[in-house]
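Trainee: Could you take me through one part of this model in some detail? I'd like to look closely at a single chain and what it touches.

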Amino acid sequence: MNAVADIAGIVLGGLAAGTVLFIVSVGLSVTMGLMGFVNLAHGAFAMFGGYLIVLAMNRAQYGFAAALALGFFGTAALSVVLERFLYRRLYRAGELDQVLFTIGLIFIFIAGITIVIGPEHQTLQLPAALSGQLNLGFIAYRTYSIFLIVIGFLIALGIWLTFERTRIGGQIRATVDNRRMAESLGIDVDRLFTITFAFGSGMAGLGGGLGAEFLGLDPQYPLEYLVYFLIVVSVGGLGSVIGVYYAALILGVLNFALTLYLPKGGTIFIYALTILMLLARPRGLSGRKEQ
Amino acid sequence: MTKIRLETQALSRRFGALVAVQNIDFKLAAGARHALIGPNGAGKTTFINLLTGVLPPTHGRVLLGGRDITAMAQAERVKLGIARTFQINRLFRGLSVLENVCIAVAERVGAARSMFYPAGRRTDVIDEAMALLQTLKLAEVARHRVSELPYGRQRLVELAISIALSPKVLLLDEPAAGVPSAESHIILDAIERLPEDIAILIIEHDMDVVFRFASRVTVMVGGALFAEGTPREIESNMQVRDVYLGQAPYRAAHV
Amino acid sequence: MSVAVSRAGDAAAPIANPAARALMRRHRLRWWEALPWLAGIAFYFAFPDYLSFGCDLIVTILFALSLDLALGYAGIITLGHAAFFGTGAYAVGMLASYNVWTEPITALLLAALAAAVIGFLSGLVLLRTAGLTLLMLTLCTMALLEQAANMGHAYTGGFDGLPSLPIAPVFGVFEFNPLYADTQYLFALGVLFACFVFVRTLVYSPFGQSLTGIRENILRMHAIGSPVRRRVLVCYTISAALAGIAGGLWAQTNAYVNLSALGLDRAATVLIVLILGGYGRLYGAFIGAVIYLALEHFLAQIYPTAWQLGLGLLLVLIALFARGGILGLGEALWRRYGGKLSQRRRDGPTAP
């Protein structure tokens, strides 16, 4: 009986953490798939959104939902500005310049947050309705974790449906598949990219706030979790919502279990698995096999 | 009976359901001046990629001088004398014209392996590259960066690199593509002056060029061989005319 | 035997062409190439209180130089070069800590060997990929080694590392003084010099030229029959070995080794140093390391946040406007202003 509860606890905790990884990373996957842009600074958007949400609640007394909305739209707006004025200039540059540029952005964000807000850790005050325990019958578990898992599932479903069923989703899939072809079909790739970039960054901001409980929130956030976001995206596959969802959940559960049972260096298995996975399928879980 | 340099037997290549190259039996004679024509998407470049080993065929064989090279890697085929140019320039853009050619020469003569001897002392390599540039009238721009040259000259460097490999078989993928017509004669002159013993296969759209240069023409349509003959025979072939006027269906066959 | 030569029998001696002469002279030493070494020796006498800073500087230069070989010459974009630095550091550290091997010069060779083995084995599988996948694989390999070092704390000291490493005297005579880094500094300078001569020779060889070809256009290199994969692997292995020496030197001059040798921080820093100086340029590593470490040393202590902000802005500006780094910027300025005069003078008499 106890073992069941232990396992359920690990799975639920892992799924909740994985959900946060998914919400943060999904935008990165789509924008990288669209433009081939190596955006290491994606985590900085997550941090920015996280700070907006936490500060709105703690200092401006926003409600949880209102703060989340602020985090989403605020981050999206910031990302559009950066995309228009900076990112855009580097679409045709090499990966190395993109890596350098986005590392630079990370530093600027870290320093900016440290100067304006301070280096200390920020905590998310959960609303009363989400802070208790929820009885699932076989186990009582934190309401907030369950809430996250459900929200994440709905978001994944929503994005997936958008991809499969709507016009803009079709355009995105076509462009990820073959950008030149998409352009010649008259798809305005630039506009498409701005929209998905804004949406993806907004999601990252949302994830930064929702996950402040699990991942913490301090100025080092974009560097600390960079490897995790990249693993999720590369294992999941560029431009693939489902792939990223699975990859994030698997990584979440695995990481949760490993840090519990092998606190010293247990994450070695995550890296080993990622390497094996990428060697076997360089395009990730959902990536089609190379011809 | 002329000697056959390069031959394919039932050569095929699919991409998923699309058959890009279908069952091609083709012979390139020693010293040939052979043109490969066909509408866009006919599979000409894929065919070249199969000959050079960039792509493995799904089916069929490639023979060089009677020897089966189907399983050979690209680099080995180059050593045996198959060289190519690209439809879109693939040059070392940041390097000088001379260096572009030197890299190819060094690779051919086996110098490129040596790690502890200055490249500048391999005067044999530099001499040969320089001499080649002179025959192509590129000597006066030898020190210029390739990216700074006008497009026509860049196409000439593209040709120079492949000639530097001393090929027995030279595959030219639209060598004058994108070059303003005022300059294209420079490239065609250079091709005409190549040593006679090289077997040349040229993909070309401009029929004037084909008639001026080739003694034999092969037409590819929808991934398959459509017709072959002397330029005059091809010119008077009504079916070929239809294809070029777009009256016959020539889309790649689907399975 | 060659097409070209047989056709050019009557042409004028091609060697007279300025392009050919430039190519033939390129590997020759120029007077200013003595400057870094003179500066290195002058530093020893001028700043006796900063010799351990000098050691850090030398280690960083060597590390950046090793990265330049892989990134600047063969075009391998890696985020995990500290994997080899760390391998070398731990090789030296573990051998010394358990008193297996403390002789510094041979220890560095062992560090190079260990790093080369890791570089070769990982390169064998990783270098088949490109782009994001390669970036991720290099990053994960490094993280894997970092976690391995963390897990094997019984041997590696885990998070705390291995302190107070015993290092035997250089040539059996010159002792490493833990309080005053004069021997360490000169030793490090000597190691850097030897490695630099090696890299410089390599870069100007036909092999080095073919690496440049791979960076400039890999498809064309395949098409001219170059065994691209083997070349890149050889280059990656050599680069790993040099990074291993840098790591070993770091462990020796500091007399400790810890997990920071293997981290993303170190890998990112060396990338920044190299790109700041200018990659694919041999001396970019020197310029980048001097400027980066000098700024870090004096700014980061006093205003750490401002340093980070400035560094971020600098990176963004370099990526947007000065892709060749400081040396590239210098070259561009020279070509625009200073170069014109002297070039005209040089070309004058020989122009066709």
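Mentor: Let's go through chain B, from its domains to its contacts with a neighbouring chain. Residues are numbered from 1 along each chain as its sequence is written, and chains are lettered from A and ligands numbered from 1 in the order in which they are written. This is a predicted model, with local features needing pLDDT of at least 70 and side-chain atom pairs counting only at pLDDT 80 or more, while totals for chains, interfaces and linings use all residues.

Start with the confidence. Chain B has an average pLDDT (the predictor's confidence in each residue, from 0 to 100) of 86, and 95% of the residues score at least 70. Over residues 247-255 of chain B, though, the pLDDT is below 50, and this stretch has 25 contacts in the model beyond near neighbours in sequence. A contact here is two residues whose C-beta atoms, placed from the backbone, lie within 7 Å. Where pLDDT is low, the predicted coordinates should not be read in detail.

Now the layout. Chain B splits into domain 1 (1-81 + 167-255) and domain 2 (90-165), with bounds that come from an automatic or database domain assignment. Their C-alpha centres lie 26 Å apart. At the junction, 12 residues of domain 1 of chain B are in contact with 8 residues of domain 2 of chain B. On the domain 1 side, helix H6 (residues 181-192) of chain B gives the largest share, 4 residues. Helices (H or I, at least four residues) and strands (E, at least two) are DSSP runs, numbered from the N terminus. That same domain 1 side divides into 10 nonpolar, 1 polar and 1 charged. For those classes, Ala, Val, Leu, Ile, Met, Phe, Trp, Tyr, Cys and Pro count as nonpolar, Asp, Glu, Lys and Arg as charged, and the others, Gly among them, as polar.

Next, the hairpin. Strand S9 (residues 216-221) and strand S10 (residues 224-229) of chain B pair in the antiparallel sense over 5 bridges; pairing takes at least two bridges found by DSSP. Val221(B) has Ala224(B) as its bridge partner in S10(B). There are 2 residues between the strands, and Gly222(B) in the turn has a positive phi of about 55 degrees.

Finally, the neighbour: 49 residues of chain B are in contact with 40 residues of chain C. Helix H9 (182-203) and helix H10 (206-216) are among the chain C helices that each supply at least two residues to the side touching chain B. That side of chain C divides into 22 nonpolar, 13 polar and 5 charged.
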